[in-house]
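Here's a walk through this model, one region at a time. Have the sequence and the structure open side by side as you read.

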Number of protein chains: 2
Amino acid sequence: MPAIDREIHRFEEFLSRQGQKLTRERTALVREIFSTHYHFEADELLFKMKEKSLKISRATVYRTLELLVKSGLVRRVHLGEDHYHYEHVRGDSHHDHLICTACGAVIEFNDPELERRQLEICARKKFTPTFHNLQILGVCDSCHRKGEQPASPDRVMSIGEGAMRLRK
Amino acid sequence: MPAIDREIHRFEEFLSRQGQKLTRERTALVREIFSTHYHFEADELLFKMKEKSLKISRATVYRTLELLVKSGLVRRVHLGEDHYHYEHVRGDSHHDHLICTACGAVIEFNDPELERRQLEICARKKFTPTFHNLQILGVCDSCHRKGEQPASPDRVMSIGEGAMRLRK
DNA sequence: CTAACGTTGCGACTGAGTCTCAGTTGCGTA
DNA sequence: TACGCAACTGAGACTCAGTCGCAACGTTAG
C-alpha cells in the first residue's frame with residue numbers, strides 16, 4: 001500500500017532530522033495507525049499490537065505517539081472523554097467534531113465560515129490564536145430516529161462529561 | 001454575602017428534591033467555590049479547604065463536585081489540560097474560552113453569531129446538539145507584547161497539549 | 001432507645017500516562 | 001569485521017486524578 005509507505009517515509013524524515021531512527025517498532029505502529037484506525041486510544045493501539053503478537057511495550061507506544069504528534073502525522077484530541085484520543089492526520093486540513101452521546105459516533109466537519117468568525121473574535125480580544133478545538137455533543141441522525149434521548153439534562157450542563165462513557 | 005446564600009439555597013433545593021441533605025461540608029465547599037474561585041481544579045479546592053483548617057476529605061470534595069455539576073451550579077470543563085477543571089455558573093449563560101499557552105490565562109467570550117453558525121452546521125448534518133465546547137489556544141495580548149511565542153509548532157499541531165503545563 | 005438512612009473520612013484501588021534503568025540494536029568509523 | 005556510542009526498547013515502578021468500599025457518624029422518626 002503506497003499511501004502508508006509515504007507516511008512512513010515522512011515520519012522517517014522527521015526522525016532523521018533530529019538524529020532519531022525509524023525502528024521496527026515505530027514502523028509497525030505507524031502501519032497499524034494508518035491502515036486501520038482513525039480515531040483511537042493509546043491502550044487500544046497497544047492491545048491491537050498484542051493481538052498481532054507484535055510485542056511492543058506500553059512505554060514505546062506512548063513514546064511513539066508523542067513523536068508522531070510532534071511530527072504532525074497524528075493529532076491528540078479530546079472527544080469529551082476523560083482521556084486522550086488520537087487521530088491520524090490525512091493530507092487534508094483541520095476539522096472539528098460532532099459527537100453522538102448515544103452511540104459514540106464521531107462526525108467530522110470543517111466550516112470556513114466558523115473559522116473566520118473565530119479569527120474575528122480573537123482579533124477583537126487581541127488574542128493571537130494558534131489552534132482550536134471544538135466539539136459539539138448531541139445525538140446523531142440515526143440515534144435520533146431510534147428515539148434516543150440526549151444525555152440527561154443534568155449531564156448536559158457539564159461539558160458532555162461521560163459522553164462516551166455511556167457507550168460502555 | 002447574599003449572592004452566595006442564594007446559590008447555597010439553590011443547592012439545598014436541588015438536594016432535597018432527591019432526599020439529600022445540605023451538610024456542613026457541602027455548605028463550606030459551595031461557599032469556597034462561589035466566593036473566591038472561578039476556574040479551579042478539584043485538588044486545588046481540597047488544598048484551599050485544608051488551608052482554612054476545614055478538614056474535608058478528597059472523596060467528599062469529588063462527591064460534592066459531582067452533585068454541583070448535576071445541579072447545574074458548576075460546570076466541568078476541559079481547558080486544554082489532561083484533567084478536568086471546574087467553573088461555577090453564574091446567572092449568565094454559556095461561554096467559550098481563549099486560553100493563553102504562555103501564561104495560562106483564560107479569557108471568556110460569548111458570540112451569538114458563532115453559536116448560530118454551529119446550529120446551521122448541525123442542521124446540515126442532521127445532528128441534534130445538546131452542548132458544545134470550544135477552546136481557542138494561543139497567546140494573549142500582554143504575553144504577545146512581552147514577545148512570548150506561541151507553543152512550538154510541533155505542539156501546536158496537537159490540541160494544545162500541555163497548554164497549562166507550561167505554566168509550571 | 002433504636003432503626004433507618006444519608007454522609008463522612010480513610011485508605012485501598014483503578015487506569016492513563018510517565019519515568020528509570022539495564023540491556024539491545026543499529027550505524028558510522030577504523 | 002569489530003568497536004563504540006547513541007538511540008532505542010521492555011519491564012516494572014511510579015504518579016496523579018479520580019473512584020470505591022466500608023465502618024463509623026449524625027440526624028430524624030418512631
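Which residue takes a positive phi in the hairpin of strand 4 of chain A and strand 5 of chain A? In that hairpin, with five residues between the strands, the residue is Gly104(A), and its phi is near 85°.

## Ground rules

This is a predicted model, so to speak of local features pLDDT has to be at least 70, and side-chain atom pairs count only at pLDDT 80 or more, while totals for chains, interfaces and linings use all residues. Residues are numbered from 1 along each chain as its sequence is written, with chains lettered from A and ligands numbered from 1 in the order in which they are written.

## Chain A at a glance

Chain A has seven helices and six strands; helices (H or I, at least four residues) and strands (E, at least two) are DSSP runs, numbered from the N terminus. From the N terminus on, the order is α-α-β-α-α-β-β-β-β-α-β-α-α. Of its 168 residues, 32% count as buried. Buried here takes 20 or more other C-beta atoms within 10 Å of a residue's own, exposed takes 12 or fewer, and partly exposed is in between, with C-beta atoms placed from the backbone.

As for contacts (two residues whose C-beta atoms, placed from the backbone, lie within 7 Å), look at those in chain A with a separation of 6 or more: residues 24 or more positions apart account for 52% of them.

Helix 1 of chain A covers residues 2–17, and its 16 residues should span 22 Å at 1.5 Å a residue; the end C-alpha atoms are 23 Å apart, which agrees. The expected span is 1.5 Å times one less than the number of residues. After helix 1 of chain A comes Gly19(A), with a positive phi near 65°.

Back at the hairpin, strand 4 of chain A and strand 5 of chain A (residues 106–109) pair in the antiparallel sense over four bridges; pairing takes at least two bridges found by DSSP between the strands. Asp96(A) sits opposite Phe109(A) of strand 5.

## The cores

A nonpolar core is a set of buried Ala, Val, Leu, Ile, Met, Phe, Trp, Tyr and Cys residues joined through C-beta atoms within 7 Å. The largest one has 25 residues, and Cys100(A) and Cys100(B) have the most contacts inside it. Strand 4 (96–100) and strand 6 (128–139) of chain A, along with strand 4 (96–100) and strand 6 (128–139) of chain B, each give two or more residues to this core. A second, separate core has 13 residues, among them Leu29(A), Ile56(A), Leu73(A) and Tyr86(A).

Leaving aside neighbours within four places in sequence, Cys100(B) touches Ala105(B), Gly138(B), Val139(B), Cys140(B) and Cys143(B).

## Facing the DNA

There are 22 residues around DNA strand D, and Gln20(A), Glu25(A), Ser57(A), Thr60(A) and Ala59(B) come nearest. Near means that a residue's C-beta atom, placed from the backbone, lies within 6 Å of the molecule or strand. Helix 4 of chain A gives the most to this surface, with four residues. The residues divide into seven nonpolar, six polar and nine charged. For that split, Ala, Val, Leu, Ile, Met, Phe, Trp, Tyr, Cys and Pro count as nonpolar, Asp, Glu, Lys and Arg as charged, and the others, Gly among them, as polar.

DNA strand C also has 22 residues around it, with Ala59(A), Gln20(B), Thr23(B), Glu25(B) and Thr60(B) coming nearest. Helix 3 (42–51) and helix 4 of chain A, plus helix 2 (24–35) and helix 4 of chain B, give two or more residues to this surface. Its split is six nonpolar, six polar and ten charged.

## Chain B up close

Helix 4 of chain B has 14 residues and reaches 20 Å from its first C-alpha to its last, close to the 20 Å expected at 1.5 Å a residue. Its buried residues are Thr64(B), Leu67(B), Leu68(B), Val69(B) and Ser71(B), and they pack against helix 1 (2–17), helix 2 and strand 2 (74–77) of chain B. Gly72(B) follows helix 4 of chain B with a positive phi near 90°.

Three strands of chain B form an open sheet in the order 1-3-2, with antiparallel pairing. Strand 1 (39–40) and strand 2 of chain B are the edges, each pairing on one side only. Val74(B) has His88(B) in strand 3 of chain B as its bridge partner.
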